[in-house]
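Work through the exercises below with the sequence and the model at hand. Try each task before reading its solution.

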Amino acid sequence: MRFDSLLDSVGRTPLVGLPRLSPSPEVRVWAKLEDRNPTGSVKDRPALWMVEQAEKEGLLTPGCTILEPTSGNTGISLAMAARLKGYKLICVMPENTSEERRQLLRMWGAEIVSSPAAGGSNEAVRVAKELAERNPDWVMLYQYGNPANWRAHYETTGPEILEDLPSVTHFVAGLGTTGTLMGVGRFLRERVPGVQIVAAEPRYGELVYGLRNVDEGFIPELYDESVLTTRFSVTSADALRRTRELLATEGIFAGISTGCALHAALGLAAKAVKAGQRADIVFIVADGGWKYLSTGAYEGTLDEAEDRLEGQLWA
Amino acid sequence: MAIKVRIPTILRSYTGGEKLVSGEGATLEELIGDLESRHPGLKGRLMDENGLRRFVNVYLNDEDVRFLGGLGTPLSDGDTVTVLPAVAGGAG
């Protein structure tokens, strides 16, 4: 495949079957390899759409500074796009994110502002909103509330899945900004009667839920419950176990949030087998495992790996 | 009929610091009522006049009850209910 530039090569990722993890020829599980995007994650799609939408609307002009709260992948995608398009990027990032992500951001020329670990991305969002108020000339694309985020998936990820697998019955993805689920979900619901859209939500260690009270929670503005069929909470232990299982049985080296989505996908597969129904279950491999090596997720016993992951934002 | 309930850090002031409590009820709403009898104040943190509070997520055996039957979700002996505040998490 030939492209005019790196930015033109975003998307059109492979959809690969998992013959060993699929329970039967009638119930199949498929991995959408989003780590094959230019910066190695699914976030290249929404990042590019948000930037190009802001350009179309005249919000972003040459030399502008982009500000974004991000735990890593969106920042890395934006950093690459910003470098190629001539913008400055400032990322607000919780301090409990992996060192690899920080190095990658710096490498592409982004500036990092750290937000407190306690409270996770909630805090990053709060800090970014404050900075945006104090610096009105900075452009915050705001992935949690920017419709271009889900649009990217509605226009690209969704159509790719349907084209490659018209018999799709289930779509599973991790729940963060909710953009992937909202975009692919809306697209598939319009075209595939009875399709199930299932969210796999990472359940972190207690530090991440360190809010002062339950009225300070956060729900991304993009989230629309009616797009989902259901939503599962997946523990770090289950996510880790599935991440390793995916590597050991199918050879796919993925990040930990992929284990989270796979756990939900295999749960749905087991349910379909039990009900005697056919199923083609697609889940998102959001990124590769490279950025998580320093977390120790792939070494030692699962218990040890889980302890090392405690308090970290692994998705 | 015993149901295990996981309590998040921010609500443990109502359970004497316990992270795991047990309760009874044929539905989630009955369970919350039962918990309130031993942990006064907890119900008001989980529910308001509209049902479950907006930033409170409740999972029955890891599935979000909002997709199961909300407060009317039927419970069985041996179930685990997990309460978590809604956070932005990490993804992104």
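**Exercise 1.** Leaving aside neighbours within four places in sequence, which residues is Ile281(A) in contact with?

*Solution.* Start with the conventions. This is a predicted model, in which local features need pLDDT of at least 70, side-chain atom pairs count only at pLDDT 80 or more, and totals for chains, interfaces and linings use all residues. Residues are numbered from 1 along each chain as its sequence is written, while chains are lettered from A and ligands numbered from 1 in the order in which they are written.

Next, the term. Two residues are in contact if their C-beta atoms, placed from the backbone, lie within 7 Å.

Now list the partners. Ile281(A) is in contact with Arg28(A), Val29(A) and Trp30(A). Its contacts also include Thr169(A), His170(A) and Val172(A). Ala265(A), Leu268(A) and Ala269(A) complete the list.

**Exercise 2.** Find the residues that touch the most other members of the largest nonpolar core.

*Solution.* Define burial. A residue is buried if 20 or more other C-beta atoms lie within 10 Å of its own, exposed if 12 or fewer, and partly exposed in between; the C-beta atoms are placed from the backbone. A nonpolar core is a set of buried Ala, Val, Leu, Ile, Met, Phe, Trp, Tyr and Cys residues joined through C-beta atoms within 7 Å.

Then read off the members. The largest core has 93 residues. Those touching the most other members are Phe171(A), Val172(A), Ala200(A), Ala261(A), Ala265(A), Ile281(A) and Phe283(A).

Helix α8 of chain A (residues 256–275) gives the largest share, ten residues. Helices are DSSP runs of H or I with at least four residues, numbered from the N terminus. Domain 1 and domain 2 of chain A each supply at least three residues to this core.

A second, separate core has 22 residues, including Leu28(B) and Val58(B).

**Exercise 3.** Describe how the two domains of chain A meet.

*Solution.* First, the bounds, which come from an automatic or database domain assignment. Domain 1 covers 7–36 + 155–309, and domain 2 covers 44–140. Their C-alpha centres lie 24 Å apart. The contact takes 18 residues from domain 1 and 17 residues from domain 2.

**Exercise 4.** At what angle do helices α1 and α5 of chain A pack?

*Solution.* Locate them: α1(A) spans residues 44–56 and α5(A) spans residues 147–164. Axes are lines fitted to C-alpha atoms over the stretch in contact, and angles run from 0 to 180 degrees between N-to-C directions. The angle is about 115°, with the axes 8 Å apart.

Then find the touching residues. On α1(A) they include Trp49(A) and Met50(A). On α5(A), His153(A) and Thr157(A) are among them.

**Exercise 5.** Sort Val184(A), Ala237(A) and Glu130(A) into buried, partly exposed or exposed.

*Solution.* Take Val184(A), in helix α6 (residues 179–191). It has 30 other C-beta atoms within 10 Å, so Val184(A) is buried. Beyond four places in sequence, Val184(A) touches His153(A), Thr157(A), Gly158(A), Ile161(A), Phe171(A) and Ala173(A).

Turn to Ala237(A), in helix α7 (residues 236–250). Ala237(A) is partly exposed because it has 16 C-beta neighbours inside 10 Å. Leaving aside neighbours within four places in sequence, Ala237(A) is in contact with Leu302(A) and Glu306(A).

Finish with Glu130(A), in helix α4 (residues 121–134). Only the count matters here: 11 other C-beta atoms lie within 10 Å, so Glu130(A) is exposed.

Notes:
Helix = DSSP H or I, 4+ residues; strand = E, 2+ residues; numbered from the N terminus.
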